[in-house]
Number of protein chains: 2
Amino acid sequence: MKKYFEILQKCSLFNKIEEENLISMLDCLGAKIELFDKKYTIFAEGNPAKYIGIMLTGSAQIVRIDYYGNRSILSNVEPTEVFAEAFACAGLPSLPVTVIANEPCEVMLIDCNHILHTCTNNCVFHQQLIFNLMKDLASKAIMFQQKIEITSQRSTREKLMAYLTIQAKKADSNRFDIPFDRQELADYLEVDRSGLSAEISKLRREGIIENHRKHFILL
Amino acid sequence: MKKYFEILQKCSLFNKIEEENLISMLDCLGAKIELFDKKYTIFAEGNPAKYIGIMLTGSAQIVRIDYYGNRSILSNVEPTEVFAEAFACAGLPSLPVTVIANEPCEVMLIDCNHILHTCTNNCVFHQQLIFNLMKDLASKAIMFQQKIEITSQRSTREKLMAYLTIQAKKADSNRFDIPFDRQELADYLEVDRSGLSAEISKLRREGIIENHRKHFILL
DNA sequence: CTCCGTTTGTTGAAATTTCAACATATTTAT
DNA sequence: ATAAATATGTTGAAATTTCAACAAACGGAG
């Protein structure tokens with residue numbers, strides 16, 4: 001557990017919790033670490049929504065396949081980020097999404113009930129943990145709201161530009177890499193891949209962007 | 001304040017908090033009540049995201065107008081529901097949405113900082129309040145996720161059916177009223193109003209639904 | 001009850017998106 | 001290094017959505 005301290009320290013869930021307290025707390029919470037290979041399913045749709053995940057190394061995608069077989073990507077999960085917490089905290093009986101590893105991953109899993117119901121030891125830092133979880137859930141709601149902001153644009157071009165603008169802001173630079181390949185970006189923006197490729201070419205010809213694969217420059 | 005007790009009791013934020021404690025707590029939080037007429041702006045985009053709103057009577061819509069002038073409706077707010085809490089809790093500098101009264105409204109406003117930072121009186125129920133807020137934020141995230149699930153459908157018909165199916169489930173009946181007129185439903189589903197009307201007529205002709213204005217029956 | 005403003009439904013043309021098919025580029029495996 | 005697999009770009013046809021314009025239905029005020 002100790003070797004992950006640097007990563008966990010950056011995790012919003014453990015804000016203001018010191019190393020020694022963190023380690024005993026993780027013990028108290030029954031936190032466990034699991035490994036997943038590329039393309040493996042970390043959580044499957046329909047599974048009980050019991051665990052909160054924390055990405056330690058590697059990355060994953062939150063995905064939903066609808067009734068008609070269309071894949072929709074909800075978000076990308078990078079190291080230090082928490083995932084599936086909203087479903088667990090809201091007490092959903094089962095997960096409405098699937099989480100799939102993009103690459104080999106180390107994931108910390110914590111039973112959400114151990115966080116919500118203060119342990120018998122009554123760890124001093126439990127209240128801080130719940131407060132942090134609340135903050136994290138607020139950010140998660142904002143993240144969803146932002147995705148709605150992007151996909152509520154009516155055309156492929158507008159969705160793409162809204163997405164790229166936000167990415168540039170995040171990277172604090174007009175040059176950045178996106179975490180999606182073309183098909184994935186299309187599934188995130190909820191548009192057709194070939195139409196997306198065509199739109200990217202068009203923006204490039206118009207001198208609005210430069211791009212090669214996952215790398216973009218906004219001009 | 002006391003006359004609103006029955007409504008507040010049903011508000012998820014005050015779960016497990018008894019009447020006498022609730023009233024002193026609201027005082028401690030500096031809760032205030034404001035009235036808004038139909039079509040009035042309760043919160044405007046760009047305002048500081050400071051207050052959490054609780055709808056006491058009436059209803060409102062959470063709306064965003066984008067760069068191109070398209071209106072997108074994020075959600076509808078009914079009595080006992082909390083709104084704008086995600087933006088306030090996440091500490092956004094300003095609101096990315098506007099909240100507009102559908103009809104005359106009574107709204108309770110609470111400065112979010114008073115909730116997040118335990119008061120000097122150190123109310124006994126403050127921890128419960130934060131716990132309730134966390135639960136509420138989790139539900140809000142799920143609500144956004146559900147909206148994404150609906151609007152990620154590729155066609156107007158699929159979006160509409162996904163929406164109606166969820167409404168039927170909510171009403172626990174195949175007969176129900178929706179809180180949107182046609183233009184509003186179109187702005188919620190992120191489609192064109194006339195195309196939506198056409199699709200509703202088509203579903204009606206095909207015997208899949210019955211409908212008159214805001215009333216729907218799923219067959 | 002009637003008038004008037006609003007909402008809903010309808011239509012056809014224009015624009016856009018999707019789909020399928022294939023060419024090219026890039027990466028991976030052997 | 002080469003072959004195979006995967007990812008990206010391109011294209012034209014088909015399907016769908018948007019847009020504008022108008023007709024019909026509805027609801028509230030007087």
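## Exercises: spaces and a DNA surface

In this predicted model, about 60 Å³ of space lies in the second largest cavity. Let's explore from there.

**Exercise 1.** Find which residues line the second largest cavity, and which element gives the most to the lining.

*Solution.* Start with the residues from chain A: Arg64, Ile65, Asp66, Asn70, Ser72 and Leu74. Chain B adds Gln145, Ile148, Glu149 and Ser152. Next, look at the elements: β4 (60–65) and β5 (71–77) of chain A and α5 (126–151) of chain B each supply at least two residues. With three residues, α5(B) gives the most. Finally, sort the lining by class: three nonpolar, four polar and three charged.

**Exercise 2.** Work out the volume of the largest cavity and the residues closest to its centre.

*Solution.* The volume of the largest cavity is about 90 Å³. Of its 13 lining residues, A:Glu149, A:Ser152, B:Arg64, B:Arg71 and B:Ser72 are closest to the centre. Here α5 (126–151) of chain A and β5 (71–77) of chain B are the elements that give two or more residues. By class, this lining has two nonpolar, four polar and seven charged residues.

**Exercise 3.** Identify which parts of DNA strand D are contacted by B:Thr156, B:Ser194 and B:Arg213.

*Solution.* Take the residues in turn. A polar backbone atom of B:Thr156 is 2.7 Å from a phosphate oxygen of strand D. For B:Ser194, a polar side-chain atom lies 3.1 Å from a base nitrogen. In B:Arg213, a side-chain N or O atom is 3.3 Å from a sugar or linking oxygen. Now widen the view: of the strand D atoms within 4 Å of the protein, 64% belong to sugar or phosphate and the rest to bases.

Technical notes:
Residues numbered from 1 in each chain as written. Chains lettered and ligands numbered in written order. Predicted model: local features only at pLDDT ≥ 70, side-chain atom pairs only at ≥ 80, totals over all residues. Heavy atoms only, no water. Near = heavy atom within 4 Å. Polar contact = N/O pair within 3.5 Å; in protein donor to acceptor, adjacent residues only side chain to side chain. 1 Å grid on protein atoms, 1.4 Å probe; cavity = no way out; pocket = protein on both sides within 12 Å on 5 of 7 lines; lining within 4 Å. Points joined across faces, edges and corners; volume = space filled by probe spheres on them. Helix = DSSP H or I, 4+ residues; strand = E, 2+ residues; numbered from the N terminus. Nonpolar A, V, L, I, M, F, W, Y, C, P; charged D, E, K, R; others polar.
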